[in-house]
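Me: I am new to this structure. Please walk me through it in short steps.

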Amino acid sequence: PAIITGYKIEESSVKYNLENAITNRISSVAREFIHPYQLYEDGMKAACNVGELRKIYFATCWIVSHSIAKSGFVSYQVSYLDEDEVSHPEYLSFSRVQRDRRKNSLSKIV
């Protein structure tokens, strides 16, 4: 997920500048690649950046719940297993939770 930080009109099209917590800034993104953010369902499998500040470490995680602040900011409560198979609860901003696009990524905890 990314936030639109600006746009530029180029000839007959609009190009957007984006920013996210993982890849930082992306510029000149065409309109067809921009779509509204969709909340991840509770129980959905995702990929979570559970690394410390400035260190990216992705782990498979499951969405426990979500909350939306008055400002519209989304955060998730997730659960993930570490290398020792120990479960950890964590609260993460939406920018640190990504849809798991690997095969069988739609699996959910029931």
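**Strands, core and surface**

Me: How many bridges join E1 to strand E2?
Reply: This is a predicted model. Strand E2 covers residues 13–20 and runs antiparallel to E1. One facing pair is Ile-3 and Glu-19, the latter in E2. The number of bridges joining E1 to E2 is 7.

Me: In what order do the 3 strands of the open sheet stand?
Reply: The pairing in this sheet is antiparallel. Strand E1 (3–10) and E3 have a single partner strand each, so they stand at the edges. From one strand to the next, the twist averages 20°. The order is E1-E2-E3.

Me: Which strands are the edge strands of the open sheet of 5 strands?
Reply: The pairing here is antiparallel, and the order is E7-E6-E5-E4-E8. An edge strand pairs on one side only. The edge strands are therefore the two that have a partner on one side only, E7 (87–93) and E8 (97–99).

Me: What does the twist average from one strand to the next in the sheet with the order E7-E6-E5-E4-E8?
Reply: This open sheet has 5 strands. Going from one strand to the next, the twist averages 45°.

Me: Which residue in E5 does Cys-48 stand opposite?
Reply: Strand E4 takes in residues 45–49, and strand E5 takes in residues 58–68. They pair in the antiparallel sense over 5 bridges. Opposite Cys-48 stands Ala-59.

Me: Which strand gives the most to the largest nonpolar core?
Reply: This core has 15 residues. Cys-48, Ile-63, Tyr-76, Val-78 and Val-97 have the most contacts inside it. At least two residues come from each of E4, E5 and strand E6 (74–81). With 4 residues, the strand that gives the most is E6.

Me: Is Asp-100 buried or exposed?
Reply: Asp-100 is in the segment after E8. Its C-alpha atom is 8.9 Å from that of Cys-48, although the two are 52 residues apart along the chain. The relative accessible area of Asp-100 is 2%. Buried means under 20%, so Asp-100 is buried.

Me: Is Arg-31 buried or exposed?
Reply: Arg-31 sits in the loop between strand E3 (24–30) and E4. The C-alpha atoms of Arg-31 and Lys-15 are separated by 6.5 Å, with their positions 16 residues apart along the chain. Relative accessibility is 53% for Arg-31. The cut-off for exposed is over 50%, so Arg-31 counts as exposed.

Me: What is the phi of Ser-28?
Reply: Ser-28 is found in strand E3. At 41% relative accessibility, this residue counts as partly exposed. Most residues other than glycine have a negative phi. Ser-28 has a positive value, near 60°.

Me: What is the phi of Glu-85?
Reply: Glu-85 lies in the loop between E6 and E7. With 59% relative accessibility, Glu-85 counts as exposed. Glu-85 is not a glycine, yet its phi is positive, at about 65°.

Me: Which residues make the nonpolar surface patch?
Reply: The patch is about 260 Å². One of its residues, Ile-68, has its place in strand E5. The residues that make the patch are Tyr-37, Leu-39 and Ile-68.

How values were computed: Residues are numbered from 1 along each chain as its sequence is written. This is a predicted model: local features need pLDDT of at least 70, side-chain atom pairs count only at pLDDT 80 or more; totals for chains, interfaces and linings use all residues. Side-chain values use heavy atoms; hydrogens and water are left out. Two strands pair if DSSP finds at least two bridges between them. Axes are lines fitted to C-alpha atoms, for helices over the stretch in contact, and angles run from 0 to 180 degrees between N-to-C directions. Patches are made of residues with over 30% relative accessible area and no salt bridge: like charges are joined within 9 Å, nonpolar side chains (Val, Leu, Ile, Met, Phe, Trp, Tyr) within 5 Å. Accessible areas come from the Shrake-Rupley method with a 1.4 Å probe; for residues, only the protein chains shown count as cover. A salt bridge is a side-chain nitrogen of Lys or Arg within 4 Å of a carboxyl oxygen of Asp or Glu. A nonpolar core is a set of buried Ala, Val, Leu, Ile, Met, Phe, Trp, Tyr and Cys residues joined through side-chain atoms within 4.5 Å. Buried means under 20% relative accessible area, exposed over 50%, partly exposed in between (1.4 Å probe, protein chains only).
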